[in-house]
Amino acid sequence: EDAEMELAELDLAQQRPARVLERLALFTEAHPQSAAAYRLLGRAQQALPNSLQAVQSFRQLVALAPGDPGAHELLASALLAGGDAEAAERELERALALDPGAAGPLSALTALLRRQGRAEQAENLLQIALSRRGRRPQLLTMLGDNLLEQKELPNAALAAERAYREASPEAAPFAPALLALARLYERQARPADELLALEAALPVAPDPVPLWLRVGRLQAARGDGPEARYAYERVLAEQPESAEALAELARVHAALLAQPLAAHELAERAYGLAPELPSVIGTFGWILLQQGHLDTALPLLREAAAAQPTSGEAQLHLGMALMKHGDTKAARAVLERARELSPTLGGARPAQGGRR
């Protein structure tokens, strides 16, 4: 019996929910009092997804383990997936009645209340949990998230920032709070603060690779070529075939490090890995254009601009290529478009004179 359950756990971890159903169909018949089996069965049904069957399995789980807050939380998640928010709310309230500070049910319930426009009620729940369980990092982070949803609240963003900072003091960094801070700073166009928050989160983040990618972009935007290169190289150390990171590193080598050969090699490698990705196409075309390969660059830049009609940079690069090609009439139209999309983008000036 234990081996059968272990195998079902393994199948679920390996994203084979259908195998779990096969294993547990007979097992639950033979062991109708096994709460663990119904927990696994419901999770597999959710993964397929089949929310109706998952609800049935989790109801059985709740009947077998009525004092388990996690059982009510799982039932609530299946009810939400099936569109029954009212019943889900009741189950989450039952979970919190069993354990008032349980982070999972509290997070799910406050998120549900926010979606329903009841952010003030969600904050009351969080304040109760904070008073009962102490100012724990996870609870403070949820409080910050909730404050940001209260648009009518004066200084909501400032209050949220304080909550996130309290959740993650320098001596004990807490990744979710730091990432929430970074998102807040991004919305507020505070790149220096966003960069600091991301860098503080790197040592404690469960998956630092996406953070290194964001750090690379921020360092590149501020013109720090060596730091941007270091960040992108950290990404590539974990994901050597990331076309996105290769292309962005190529741009750093070209624009900030004055290393055209390295830029060409990286951009060509990125294009070989993902020739369908517009940003990669545009980067390779732009670097080819800078190196004087107009005939090769122009079709790539046309393709990138067509695939990214709202990207001012893609239109700008195509316009500059058209200028070099001598087609000033087409260049004028494309550069005008680039200026409309990104008025502050350097070089987006309409062509003057030339062929009509």
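Visitor: Which helices each supply at least two residues of the lining of the largest pocket?

Guide: In this predicted model, helix 13 (209-221), helix 15 (243-255), helix 17 (278-290) and helix 19 (312-325) each do so, and helix 15 gives the largest share, five residues. The lining has 15 residues, and A220, R251, V252, A255 and E313 lie nearest the centre of the pocket, whose volume is about 290 Å³.

Visitor: What is the make-up of that lining by residue class?

Guide: The lining of the largest pocket divides into nine nonpolar, two polar and four charged residues. For the second largest pocket, with about 250 Å³ of space, the 15 lining residues include R251, S279, T283, Q308 and E313 as the closest to its centre. By class, that second lining has five nonpolar, six polar and four charged residues, and helix 15, helix 17, helix 18 (294-307) and helix 19 each supply at least two of its residues.

Visitor: What makes D11 and R23 a salt bridge?

Guide: The closest N and O atoms of D11 and R23 are 2.6 Å apart, and the rule asks for a side-chain nitrogen of Lys or Arg within 4 Å of a carboxyl oxygen of Asp or Glu, so the pair qualifies. D11 belongs to helix 1 (residues 2-13) and R23 to helix 2 (residues 17-30), 12 residues apart, and the pair thus links distant parts of the chain. Both residues are buried.

Visitor: Why is R94 called partly exposed, and why does E91 count as buried?

Guide: R94 has a relative accessible area of 40%, and it is called partly exposed because that term covers values between the 20% limit for buried and the 50% limit for exposed. E91 stands at 5% relative accessibility and therefore counts as buried, the cut-off being under 20%. These two residues form a salt bridge, with their closest N and O atoms 2.4 Å apart, and both lie in helix 6 (residues 85-98), three residues apart, about one turn of the helix.

Visitor: What makes R337 and E340 a salt bridge, and why does E340 count as exposed?

Guide: Their closest N and O atoms are 3.9 Å apart, which is within 4 Å, so the rule is met. E340 has 58% relative accessibility and so counts as exposed, since the term requires over 50%, whereas R337, at 35%, is partly exposed. Both lie in helix 20 (residues 328-341), three residues apart, about one turn of the helix.

Visitor: Which residues are joined into one network by salt bridges that share partners?

Guide: E4, D11, R16 and R23 are joined in this way, and the count of salt bridges by the rule comes to 19.

How values were computed: Residues numbered from 1 in each chain as written. Predicted model: local features only at pLDDT ≥ 70, side-chain atom pairs only at ≥ 80, totals over all residues. Heavy atoms only, no water. 1 Å grid on protein atoms, 1.4 Å probe; cavity = no way out; pocket = protein on both sides within 12 Å on 5 of 7 lines; lining within 4 Å. Points joined across faces, edges and corners; volume = space filled by probe spheres on them. Helix = DSSP H or I, 4+ residues; strand = E, 2+ residues; numbered from the N terminus. Nonpolar A, V, L, I, M, F, W, Y, C, P; charged D, E, K, R; others polar. Buried < 20%, exposed > 50% of the residue type's maximum accessible area, 1.4 Å probe, protein only.
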